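Please open the structure in your viewer and keep the sequence panel at hand. The stops below are meant to be selected in order.

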Amino acid sequence: MQFTQTPSDYAPLGGPLVYAFSDAAPRTFDLSVVDLNLEAPVGAKRFCDLSAGTFDAAPYLRRRVSFRPEPGVTGFVVPWDRTVPAVVEIDGIRTPARNFLPRDTAVAAPALLTTVPRQRLVVRGACEEFTLLTDTPATATVEAFRDGETVATGYTASRAGLVLFRLDTADFPEADILTVQFDRFSRVVCQIAAPFGDGCRLAWRSSAGSLEHYTFPVVKEERVETQRTRLQTETGCVAGDVRSWRLLTLLSAYEPAQMLAALAGILSSPQVWLVAEGAYTPVEPMTDAAGIRRHGTLRNLELQIRMPCN
C-alpha cells in the first residue's frame with residue numbers, strides 16, 4: 001500500500017485536502033486522520049473492495065481550529081494554536097506531517113496574512129498581532145517616530161514557517177507613528193491615537209487565518225437581557241434556570257470601504273473576543289448584516305455583541 005497524493009504543507013482548510021492511496025489488489029482499507037496536537041485520531045473511514053481511493057480530510061480537521069489569543073511584549077512568537085498539524089494513516093503507514101492553515105485560499109510564502117489594511121489606527125497602549133508565513137526566519141524592524149526623531153529596533157524569528165509578531169504600543173510610549181517592516185515583502189504603518197474614553201476593542205479570527213484587532217470608538221448602547229425557564233407543576237410554576245447576557249452596540253469610526261469590509265468579517269467570524277485589561281473574553285456577534293459602501297457618503301459599521309453576565 002502506498003499514498004500517491006498528499007496536500008502541500010500550509011494548505012488552506014477552506015478547500016479540499018485530498019489524499020490518494022493505492023494497492024496491488026482490491027481489499028479493505030481502514031483510514032484514520034490523526035491530529036498531531038493530540039496524537040489521537042479525530043476521524044476514520046473504511047473503504048471496501050477497491051485497489052485505490054481518494055479522501056478529503058478537510059471536514060475532519062476544520063473543527064480542530066481554536067485560537068487562544070494572549071497578550072505579549074513586542075517580538076516574534078511561535079504559535080501553537082494557529083495551524084492544525086495532521087497525518088493520515090492506513091495500516092500503520094503514515095503520510096508526511098502537514099500543517100494546515102485556517103484560511104479560505106492558498107498562500108505562498110513569504111506573506112503577511114491579514115484582512116485589515118496595512119495603514120491602520122491603533123490606540124496607545126493596545127497590542128497588534130501580525131501573522132506571517134515565511135520560507136526563511138523572518139526579520140522585523142520597528143521604527144518609532146516622535147517629533148522628527150526616529151528610533152529603530154530589530155527582531156528576528158527563531159524559525160521559518162508560520163510565526164506571529166506582536167506589537168505592544170506600550171513598549172514605545174512616546175511614538176506618534178510606528179512602522180513595522182517585515183524583510184522586504186510587507187510593511188505596516190500604525191498611527192498611534194489617544195485612548196477612546198468610551199471605546200471597546202475587539203479581536204476576531206479572520207478569513208485569512210489571522211487574529212485581527214480594532215477599537216470601536218463608540219459604545220452606542222449597553223443593555224442586559226435575561227431569560228428565565230419555569231417549570232409547570234401540579235402546585236403551580238416553579239422557577240428554573242435564569243440566564244443573563246450583556247449586549248453592547250458598537251459604532252466604528254468612519255472608515256474606507258476596505259477597512260469596513262475587514263470589520264464586516266466579524267459578523268461571520270467563528271471566534272470573537274472583547275479585549276480589555278490584557279484579557280481576551282469570548283463574545284458572540286449578534287448582527288446579521290452590515291453596509292460597507294454607499295455612493296457619495298461616508299460609512300461606519302454598527303455591530304452588536306453579546307456575552308454572559310458575570
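**First stop: the open sheet**

In this predicted model, begin by selecting β4, β13, β10 and β8: these four strands form an open sheet in the order β4-β13-β10-β8, and their pairing is antiparallel. The edges of the sheet are β4 (75-77) and β8 (111-113), each of which pairs on one side only. From one strand to the next, the twist averages 35°.

Next, restrict the selection to residues 127-134 and 161-168. These are strands β10 and β13, paired in the antiparallel sense over eight bridges. To see the register, display Thr134, which stands opposite Gly161 in β13. In general, the strands of a sheet pair through backbone hydrogen bonds, either parallel or antiparallel.

**Second stop: Pro217**

Move to Pro217, in the loop between β17 (211-216) and β18 (218-233). Is this residue buried or exposed? With a relative accessible area of 18%, Pro217 is buried, because buried means under 20%.

Now show what surrounds this proline. Leaving aside neighbours within four places in sequence, Pro217 is in contact with Phe196, Asp198, Gly199, Leu251, Ser252 and Ala253. Draw a distance from Pro217 to Phe196: the two are 21 residues apart in sequence, and their C-alpha atoms are 5.7 Å apart in space.

**Third stop: helix α2**

Select residues 257-268, the twelve residues of helix α2. At 1.5 Å a residue the helix should span 16 Å, and its end C-alpha atoms are 18 Å apart, which agrees.

Which residues of α2 are buried? Colour Ala257, Met259, Leu260, Ala262, Leu263, Ile266 and Leu267 to display them. An α-helix has 3.6 residues a turn, so residues three or four places apart point the same way. Then add the elements that cover the buried residues of α2, which include β16 (200-205), β17, β20 (272-276), β21 (279-285) and β22 (302-308).

**Last stop: the cysteines**

Finally, select Cys200 and Cys309. How many disulfides does the structure hold? There are zero. A disulfide is a covalent bond between the sulfur atoms of two cysteines. For Cys200, the closest cysteine sulfur is that of Cys309, 14 Å away and therefore too far for a bond; the cut-off for a disulfide is a pair of sulfur atoms within 2.5 Å. Seen from Cys309, the closest cysteine sulfur is in Cys200.

Compare the surroundings of the two side chains in a surface view. Cys200 counts as buried at 6% relative accessibility, whereas Cys309 is partly exposed, with a relative accessible area of 32%.

Technical notes
Residues are numbered from 1 along each chain as its sequence is written. This is a predicted model: local features need pLDDT of at least 70, side-chain atom pairs count only at pLDDT 80 or more; totals for chains, interfaces and linings use all residues. Side-chain values use heavy atoms; hydrogens and water are left out. Helices (H or I, at least four residues) and strands (E, at least two) are DSSP runs, numbered from the N terminus. Buried means under 20% relative accessible area, exposed over 50%, partly exposed in between (1.4 Å probe, protein chains only). Contact means heavy atoms within 4.5 Å. Two strands pair if DSSP finds at least two bridges between them. Axes are lines fitted to C-alpha atoms, for helices over the stretch in contact, and angles run from 0 to 180 degrees between N-to-C directions. The expected span of a helix is 1.5 Å times one less than its number of residues.
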